[in-house]
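This report describes a two-chain model for a reader working from coordinates. Please consult the sequence and the structure as the sections proceed.

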Protein chains: 2
Amino acid sequence: MKDATARLTPLGVMVLALLREGEMHPYEMIRLMRHRHDDRIVSVTNGTVYHTVARLERQGLIAEVGIDRDGNRPERTTYALADAGGAAVDEWVRRELPVLDHPVEFRVALAEAHNLERDEVLALLRTRLAALAEARDYHRSGRAKALAARTPEQYLIEVDRQGALLAADHDWLAAFLVRLSSPDFMWGTHEVDDRYLAQREAARR
Amino acid sequence: MKDATARLTPLGVMVLALLREGEMHPYEMIRLMRHRHDDRIVSVTNGTVYHTVARLERQGLIAEVGIDRDGNRPERTTYALADAGGAAVDEWVRRELPVLDHPVEFRVALAEAHNLERDEVLALLRTRLAALAEARDYHRSGRAKALAARTPEQYLIEVDRQGALLAADHDWLAAFLVRLSSPDFMWGTHEVDDRYLAQREAARR
DNA sequence: TCGTGTATAGTCCAAATGGACTAATCGAGA
DNA sequence: TCTCGATTAGTCCATTTGGACTATACACGA
């Protein structure tokens, strides 16, 4: 077994993150993710979720805490987050936040970044911002060089779009870093509004 | 076997597109794609490419045209595009160009769109533009509603970024459609500069 | 000239993915 | 009250994927 945290898939991280909110059985995870539209980011299918949960258990990141049975329905195996699991998510987020070429992983990392200290997130994202600026410039100069070499524009369409998206990503991050630097921006679970937590709890049923 | 063109993976489409330029053996495809940085878009590994080629042959989209041997090196099996293969790419591109939630597929479709008529591409992309505008507005109003419901900003970071990227994608496409509508924008292989083709040929060695 | 690394061409396999399938229960309308 | 469909909870399997491995040939420096 390589590293525990290296083998984590995006879906695995989302499962671990869900278990931070409490014990759960796989089917409930699926419902919750769909309800929160987490399936915009990664595909949430039965096969993948059940398989992922089994893998996380083999790796010792989560643990079975009981087999519930309601009426005559199929058994529901409930899982809880293990200590190693929480640590693994945080490590994974630290690793993925600055990385440019894992679009899906980054979205998950960004969504789960609130478990890290604000200052650490700021540092990681500043690294990313620098990488984005470099990538954007590299893209631009590459396009200019290709045009200078008389490459027909019709072959550069996708590259052109990618450059535009890169620039937008950069600009969004720069703006977000300004917002996050301000103490007006809420950060950390202890500051979270109780009313909001109650709402989420209600939505789980 | 479902539809021939429905089961095409992005890599499969890229392989078919490569074979439009001439016969090739899988290893050469890998070299070419890496050289052209097509592996920015999809991961190009040995396992996947050889498997994809085998699948395309089973589906009758490409055909073996000979087993070459150079010195005492391993045999090189060369493939050529079948008629059904060219048609399948075009059909696939038509299907994927307007679709929003397949980011990878869209990049490939955009890169291969130059084989379709300019007017058809314009029509398909105008459909996409409308969908992008709608998705962007939906995103915005969703964010506004969440804020009104006092959702802490820290939970909306990823959504916020996705909205920004969506807006950028929309704006880029709007601008591109203007460019593509103009007759100044080169389109279609018959207009392609010979010098450029010679260059590409040279790069293949 | 003798290794040592890298390019060529491909095979093979463990793991991940997506989707079809099962099977029971509950709700809502005819 | 009966039935049809949706919901709950999960299993199972065929494809796909990524990467490790093989084996030869050539280049190049020590």
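The sections below cover confidence, fold, symmetry, the interface, selected helices and individual residues.

## Model and conventions

Residues are numbered from 1 along each chain as its sequence is written, while chains are lettered from A and ligands numbered from 1 in the order in which they are written. The model is predicted: local features need pLDDT of at least 70 and side-chain atom pairs count only at pLDDT 80 or more, whereas totals for chains, interfaces and linings use all residues.

The mean pLDDT of chain A (the predictor's confidence in each residue, from 0 to 100) is 90, and 87% of the residues score at least 70. Among the elements of chain A, α7(A) has the highest mean value, 98, and α8(A) the lowest, 58. Where pLDDT is low, the predicted coordinates should not be read in detail.

## Fold of chain A

Chain A contains eight helices and two strands. Helices (H or I, at least four residues) and strands (E, at least two) are DSSP runs, numbered from the N terminus. Along the sequence the elements of chain A follow the order α-α-α-β-β-α-α-α-α-α.

Of the 205 residues of chain A, 27% are buried. A residue is buried if 20 or more other C-beta atoms lie within 10 Å of its own, exposed if 12 or fewer, and partly exposed in between, with C-beta atoms placed from the backbone. Contacts are pairs of residues whose C-beta atoms, placed from the backbone, lie within 7 Å. Among the contacts in chain A between residues at least 6 apart in sequence, 64% join residues at least 24 apart.

## Symmetry and interface

A turn of 180° with a shift of 0.0 Å along the axis lays chain A on chain B with an RMSD of 0.0 Å. The two copies are therefore related as by a two-fold rotation axis. This superposition is by least squares on the C-alpha atoms of residues with pLDDT of at least 70 in both copies. The same surface serves both copies, as 100% of the contact residues of chain A recur in chain B.

The contact takes 24 residues from chain A and 24 residues from chain B. On the side of chain A that touches chain B, α5 (103-112), α7 (157-181) and α8 (194-204) of chain A each supply at least two residues. The largest share of that side, eight residues, comes from α7(A). By class, the residues of the side of chain A that touches chain B are 13 nonpolar, three polar and eight charged. Here Ala, Val, Leu, Ile, Met, Phe, Trp, Tyr, Cys and Pro count as nonpolar, Asp, Glu, Lys and Arg as charged, and the others, Gly among them, as polar.

## Two helices

Helix α5 (residues 103-112) of chain B is mostly covered, with eight of its ten residues buried. Among the buried residues of α5(B) are F106(B), V108(B) and L110(B). Their cover includes α7 of chain A together with α1 (10-19) and α4 (83-96) of chain B.

Helix α4 (residues 83-96) of chain A has 14 residues and should span 20 Å at 1.5 Å a residue; its end C-alpha atoms are 21 Å apart, which agrees. The expected span is 1.5 Å times one less than the number of residues. In α4(A), G85(A), A88(A), V89(A), W92(A), V93(A) and E96(A) are buried. These residues cover an arc of only 130° around the axis, so they lie on the same side of α4(A). The arc is that of the directions from the helix axis to the C-beta atoms.

## Individual residues of chain B

P98(B) lies in the loop between α4 and α5 of chain B. P98(B) is partly exposed, because 18 other C-beta atoms lie within 10 Å. Not counting residues up to four places away in sequence, P98(B) touches L124(B), T127(B), R128(B) and A131(B). A80(B), in strand β2 (residues 76-81) of chain B, is partly exposed with 14 C-beta neighbours inside 10 Å.

Most residues other than glycine have a negative phi. H37(B), which is not a glycine, has a positive phi of about 60°, and R150(B), also not a glycine, has a positive phi of about 65°. H37(B) is placed in the loop between α2 (26-35) and α3 (46-58) of chain B and is exposed, with 11 other C-beta atoms within 10 Å. R150(B) is found in the loop between α6 (118-148) and α7 (157-181) of chain B and counts as exposed with 10 C-beta neighbours inside 10 Å.

Note on methods: Two residues are in contact if their C-beta atoms, placed from the backbone, lie within 7 Å.
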